[in-house]
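Me: Please take me through the largest nonpolar core of this protein. I am new to the structure, so add the strands and loops that you think deserve a look as well.

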Amino acid sequence: MRKQTKLVAVLSTAALLALGASMSSFAATGWQEENGTWVYYDKNGDLETEKWEKSGDNWFYLNDDGEMATDAVVEYKDNYYYVDENGAMVANKWVSVENEDYGDDDNEPANHWYYFGSNGKAYTKNGDKLSFKTINGKKYTFDDEGKMLYGWVSEDDGSRLTDDDAWKNGDFYLGDENDGAQTLGWANIAIVSDPDEDGQDGYGFTSFNVFDDTDQVRWFYFKANGKKVAGKNAESINGKKYSFDDYGRMNSEWVHYSTPDTATPGTTTWSYYNSPEDGARVTKGWFQAIPDERLTADDYDDDETNWYYSQSGKIVASELKTINGKTFAFDSEGRMVTGLKFVDASDKKNIVIVDSKNYDTEDRFKAYAPTVLGTETKAYFFSKASGSEEGTMKTGKQTVEIDGDNFTFLFGKSGKKGAGKEGEDSNKYYLSGMLLSAAKDDKYALVELDENGNAIAIVSGDSYVDGTTYKLVNTSGAIQKNKSKVKDGLGWEYKTDKNGVVESQKLAD
């Protein structure tokens with residue numbers, strides 16, 4: 001129990017003797033003991049009722065029958081007092097009084113607590129508004145009859161809320177029936193909430209993680225004035241940032257800054273706020289998580305964990321970003337990219353990544369790559385290796401796996417850094433970074449060039465078409481220049497000029 005004392009001291013034997021002596025000193029007036037209780041006669045010999053009389057240092061109350069009240073709450077001139085089992089008025093004390101309505105209503109406590117001030121009056125509500133009284137350094141509030149309020153309390157009218165939605169509509173939380181002190185700071189509070197409503201309309205700054213049970217225990221935060229924080233995003237508490245929905249529950253995991261129907265991927269309006277036990281926002285840096293269902297549905301369904309990067313509390317998305325000297329790509333859903341990707345990075349803060357299904361096999365890659373020649377869409381390779389290299393953009397010569405087979409690629413080290421090499425480089429030809437070379441058994445292959453001299457395909461001798469410009473390459477991809485008579489594995493014989501351009505082709509004799 002938080003209160004320092006809520007037990008009423010019993011009058012000492014000496015006090016009782018003094019009271020008895022004082023009362024016995026009167027005859028037809030003053031205090032008289034009748035039928036086992038005390039009464040008081042005024043100077044006219046009339047029995048006093050509904051009045052206070054003093055004896056020694058203590059005040060005593062005569063009820064409507066004229067008997068001295070004991071162990072009771074006394075209502076007198078719109079104020080409430082308490083007299084102990086000896087009948088003496090209590091002051092500066094907490095008192096617990098049995099609740100006669102207990103059991104009739106689930107929301108009724110077994111006892112009501114009152115606090116009686118220095119003048120014996122119970123602390124009560126001031127008017128129609130909520131007000132707090134400070135007692136022993138803590139704040140409490142009371143109803144019109146002096147009963148201490150507890151649980152969720154409304155700021156508007158200072159009433160105690162008792163239904164299942166009390167946590168939604170309440171502004172202050174005052175503990176249980178034996179506490180009542182204004183809650184400050186963090187509090188883990190049991191609530192009742194339909195889990196199907198989590199993340200639904202009316203929640204603002206929505207947390208999409210769903211609690212499975214109707215009975216939940218959730219974190220709330222109460223400011224220095226005792227009022228709960230609600231409908232706040234990036235609230236600073238002890239140097240960390242937190243998010244709270246419209247009803248004051250601390251959000252956790254994935255949080256979107258708008259209502260659910262506008263929570264679309266491809267934006268930077270998502271943040272990650274750690275677990276329901278923590279809730280602190282990942283303000284800057286890497287984190288690994290399963291995405292929210294509305295962010296990446298397939299990965300959510302598959303429990304797929306991805307890497308994300310937070311900048312100023314928002315996940316980085318659709319961006320080619322340099323972090324600690326290394327470059328990474330993030331797709332429209334904020335996932336760190338790995339592997340071979342075609343990317344339009346003309347605007348590094350608004351990149352477009354082509355669906356990898358368009359180039360996930362060798363044949364698809366070779367068919368797709370020519371379609372982006374002369375555009376801003378280039379092939380990039382982001383390491384699949386685990387550890388610190390995972391996701392880093394690679395440059396120079398790289399071995400890239402496509403559909404289970406390894407291929408040699410060349411990615412730029414300057415200019416469009418990381419972009420796959422196009423055309424000729426060091427006596428070899430590349431198509432979106434892929435080295436064009438002959439298969440081992442073919443010995444030689446034909447690199448087909450467009451009118452601008454760009455490689456657009458690599459074919460065997462069987463696909464030779466008159467009038468098309470080809471260059472001849474061997475199994476290492478080297479251009480074969482000034483060849484007068486070379487044969488491939490299929491029996492085709494070629495002649496090339498000084499630049500490696502095929503001048504003629506025929507079947508060998």
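Reply: A nonpolar core is a set of buried Ala, Val, Leu, Ile, Met, Phe, Trp, Tyr and Cys residues joined through side-chain atoms within 4.5 Å. Buried means under 20% relative accessible area, exposed over 50%, and partly exposed in between (1.4 Å probe, protein chains only). The model is predicted, so local features need pLDDT of at least 70 and side-chain atom pairs 80 or more, while totals for chains, interfaces and linings use all residues. Numbering starts from 1 along each chain as its sequence is written, and side-chain values use heavy atoms, without hydrogens or water.

Start with the core. The largest one holds 27 residues. Six of them touch the most other members: Leu 340, Phe 342, Phe 365, Ile 402, Phe 409 and Val 447. Several elements each give at least two residues to this core. Helix H4 (362-368) is one of them. The strands on that list are S26 (339-344), S28 (377-382), S29 (396-402), S30 (405-411), S32 (428-431), S34 (444-449) and S35 (455-459). Helices (H or I, at least four residues) and strands (E, at least two) are DSSP runs, numbered from the N terminus.

Now zoom in on Ile 402. Leave aside residues up to four places away in sequence. Ile 402 then touches Leu 340, Tyr 359, Asp 360, Thr 361, Glu 362, Phe 365, Phe 407, Phe 409 and Met 434. Contact here means heavy atoms within 4.5 Å.

Two of the core's suppliers, S29 and S30, also pair with each other. They run antiparallel, over seven bridges. Strands pair if DSSP finds at least two bridges between them. Lys 397 faces Leu 410 of S30. The two strands form a hairpin with two residues between them. In that turn, Asp 403 has a positive phi of about 50°.

Next, step back to S26. A loop runs between strand S25 (326-330) and S26, and Glu 333 sits in it. Glu 333 counts as buried because its relative accessible area is 17%.

Further along is strand S38 (residues 492-496). It is mostly covered, with four of its five residues buried. S38 has antiparallel partners. Strand S37 (residues 486-487) joins S38 through two bridges. Strand S39 (residues 502-507) joins S38 through five. Look at Tyr 494 of S38. Val 486 stands opposite this tyrosine, and so does Gln 505 of S39. Each pairing comes with a hairpin. The S37 and S38 hairpin has four residues between the strands, and its Gly 491 takes a positive phi near 95°. The S38 and S39 hairpin has five, and its Gly 500 takes a positive phi near 90°.

Last comes a three-stranded sheet. This sheet is open and antiparallel, in the order S12-S11-S13. S12 (160-161) and S13 (172-173) are the edge strands, each pairing on one side only. Strand S11 (residues 152-153) meets S13 over two antiparallel bridges. There, Val 153 has Phe 172 as its bridge partner. After S12, a loop leads to helix H2 (166-169), and Asp 165 lies in that loop. Asp 165 is partly exposed, since its relative accessible area is 33%. Its C-alpha atom is 9.7 Å from that of Tyr 247, although 82 residues separate the two along the chain.
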